Amino acid sequence: LRTAALVIQQQYRARVLARSQMQMYITIQRATLSIQAAFRGMKVRREIRDKQKAATVIQAAFRRHRVHLPYRAMRLAAIIIQTHYRAHLQMKTDHKNYMKIHSGVLLLQAAYRGMVVRKHVQCMHKSARVIQTYYQMHKQHQYFKKLRWSTTAVQQRYRPCQIRDAHVRHYNSLRKVVVCIQAFYRGVKARELVEKIKAARHIY
């Protein structure tokens, strides 16, 4: 009972720990999703703002198109190149930040999964030890039952032999006594007969 109680307690504690770890993992996942959503929203807002700026620049340049066509073309090209270059730089920076966050999340997930696997392996080892213990107890119990049955069978066969030998000894002792009594009785009768014969001779 104590071993069963310990096993139940260990399983219950393992389940409580797994539940708390799962809640921690869900909290981290929600936080990660919130960070990703905020990052994507910021990226979209930046893209919209950049597009709005580009549209404003294009509109202003288009209005000045009739007056400053060559200058406008060069300025528009420069602005487009600068916009794409800044967007490229911003994309690199955002990608680096995202990769850092992604690496951190992967490390947390790997650590959590490793902890869960180790806990599961420990529970399996403990269960294996308990099963081995019960199996060895079962084997010992079976061996004891066989030994007890063999002992009982030997005793059941040995005790009738003892009783038979005791009866034989008692019968032999009684037979010897009876033979002695018969011999004594026959001797007495023979002596009486001899005395009677002698007495009869003296009479004649």
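These legends accompany close-up views of the two largest pockets in a predicted model.

**View 1. The largest pocket and the residues nearest its centre.** The space enclosed by the largest pocket amounts to a volume of about 640 Å³. Its lining is made up of 21 residues, and among these D50, T83, H84, R86 and A87 lie nearest the centre of the pocket.

**View 2. The helical elements and residue classes that line the largest pocket.** Two elements, α1 (2-63) and α2 (69-203), each give two or more residues to the lining of the largest pocket, and the largest share, eleven residues, comes from α2. When the lining of the largest pocket is sorted by class, nine residues are charged, eight are nonpolar and four are polar.

**View 3. The second largest pocket and the residues closest to its centre.** The second largest pocket holds about 370 Å³ of space. It is lined by 19 residues, of which A14, R15, K119, H120 and C123 are the closest to the centre of the pocket.

**View 4. The elements and residue classes that line the second largest pocket.** Here, too, α1 and α2 are the elements that give two or more residues to the lining, with α2 giving the most, ten residues. By class, the lining of the second largest pocket comprises eleven nonpolar, five polar and three charged residues, whereas the lining of the largest pocket comprises eight nonpolar, four polar and nine charged residues.

Key. Residues are numbered from 1 along each chain as its sequence is written. This is a predicted model: local features need pLDDT of at least 70, side-chain atom pairs count only at pLDDT 80 or more; totals for chains, interfaces and linings use all residues. Side-chain values use heavy atoms; hydrogens and water are left out. On a 1 Å grid over the protein atoms alone, a cavity is a set of points where a 1.4 Å probe fits but cannot get out, and a pocket is an open set with protein on both sides within 12 Å along at least five of seven lines; lining residues have an atom within 4 Å of a point. Grid points are joined across faces, edges and corners, and a volume is the space filled by probe spheres set on the points. Helices (H or I, at least four residues) and strands (E, at least two) are DSSP runs, numbered from the N terminus. Ala, Val, Leu, Ile, Met, Phe, Trp, Tyr, Cys and Pro count as nonpolar, Asp, Glu, Lys and Arg as charged, and the others, Gly among them, as polar.
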